[in-house]
Amino acid sequence: MDRPIKPIIILGTGRSGTTVFHQMLASHPQVAWLPGVVLGRDPRRISLARNALRLLDMPVVGRAAEHLLSPGECYPFWDSLYPGFGRPVRDLTADDVSERARRRIRNAMEALCTTRRTRLLLKITGWPRLGFLAEVFPDARFIHVLRDGRAVANSLLNVHFWRGWQGPGGWTLGDLPPAYAEEWQTHDQSFVVLAGLYWKVLMDALQNAYVKIPAERFLEVRYEDLCANPAEEIKRTLDFSHLAWTEEYALNIRSFSLHNTNHKWQTDLSARQQQALEEVLADHLQRYGY
């Protein structure tokens with residue numbers, strides 16, 4: 001059970017637009033994905049998850065199934081295949097891949113695909129785990145959804161699942177690099193600054209892993225461009241992924257409503273907080289064209 005399955009893997013820091021991008025690609029009729037309502041609750045139900053995806057392609061029933069099923073990251077499922085995948089204290093690399101892990105992950109992911117849905121679509125946020133996934137799936141294509149780090153930081157501060165309020169000791173990314181720890185201390189342990197450092201740590205991890213894979217396997221999609229020209233960005237993504245653009249799929253894409261909310265960091269944060277955030281992110285913002 002080691003045939004090429006050519007997964008398409010979406011990566012992002014979180015709060016970067018990966019969820020809506022994932023949903024848009026998941027509406028393509030050629031892709032299989034992890035149904036959150038099944039594998040998010042019981043990671044052992046691979047057969048049920050595959051049958052759920054089959055329902056989507058059935059007349060009449062498929063329409064009803066669309067309202068019940070949605071793609072998820074399903075880290076309990078990942079952890080059942082590789083314990084620790086969901087919350088590693090550092091990024092996972094190729095050196096972390098054992099032969100047992102490779103077999104278990106590939107076999108499980110292959111079992112999700114159906115006769116119609118032959119391409120696997122996955123979404124991973126937080127640590128990119130790019131080196132690990134590239135080792136498991138040498139035929140994978142990776143799509144990084146990038147967003148302005150100031151907007152990401154502000155969004156993190158407004159979601160219940162961000163653990164930065166507990167400091168670096170409790171946020172699951174491990175200790176801050178010394179230079180970043182010094183920045184945090186210099187800014188009186190500002191949580192706004194820490195949210196910005198979160199973005200920097202994950203972007204650094206992505207950069208370190210990206211340089212080790214062939215460039216033709218990696219595509220970058222900017223959140224801002226996706227909001228401005230969704231059809232154009234999705235077409236570019238399908239071309240990169242070797243998926244067909246059809247009129248039926250175009251109708252699916254037009255049903256999504258995207259709004260660029262990057263401006264919120266300028267209205268949500270105080271002038272002092274904005275200044276501190278821009279100070280610690282200056283080099284990275286310039287590097288990534290912001």
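User: Let's say Ala, Val, Leu, Ile, Met, Phe, Trp, Tyr, Cys and Pro count as nonpolar, Asp, Glu, Lys and Arg as charged, and the others, Gly among them, as polar. How do the residues lining the second largest pocket divide?

Analyst: Keep in mind that this is a predicted model. The second largest pocket holds about 690 Å³ of space. Its lining has 21 residues, with Ala-26, Ser-27, Leu-56, Glu-66 and Asn-252 closest to the centre. Sorted by your definition, the lining comes out as 11 nonpolar, 5 polar and 5 charged.

User: Which element gives the largest share of the lining of the largest pocket?

Analyst: That pocket has about 1,000 Å³ of space. It is lined by 41 residues, and among those closest to its centre are Gly-14 and Phe-161. Helix 1 (18-26), strand 3 (119-125), helix 8 (149-156), helix 11 (223-228) and helix 14 (264-268) each give two or more residues to the lining. The largest share, 4 residues, comes from helix 8.

User: Which strands stand at the edges of the sheet?

Analyst: The sheet is open, and its 5 strands pair in parallel in the order 2-3-1-4-5. Each edge strand has a single partner, so one side of it is left without a neighbour in the sheet. Those strands are strand 2 (31-32) and strand 5 (218-222).

User: Which residue in strand 5 does His-144 stand opposite?

Analyst: Strand 4 covers residues 141-146 and pairs with strand 5 in the parallel sense over 5 bridges. Across from His-144, in strand 5, you'll find Glu-220.

How values were computed. Residues are numbered from 1 along each chain as its sequence is written. This is a predicted model: local features need pLDDT of at least 70, side-chain atom pairs count only at pLDDT 80 or more; totals for chains, interfaces and linings use all residues. Side-chain values use heavy atoms; hydrogens and water are left out. On a 1 Å grid over the protein atoms alone, a cavity is a set of points where a 1.4 Å probe fits but cannot get out, and a pocket is an open set with protein on both sides within 12 Å along at least five of seven lines; lining residues have an atom within 4 Å of a point. Grid points are joined across faces, edges and corners, and a volume is the space filled by probe spheres set on the points. Two strands pair if DSSP finds at least two bridges between them.
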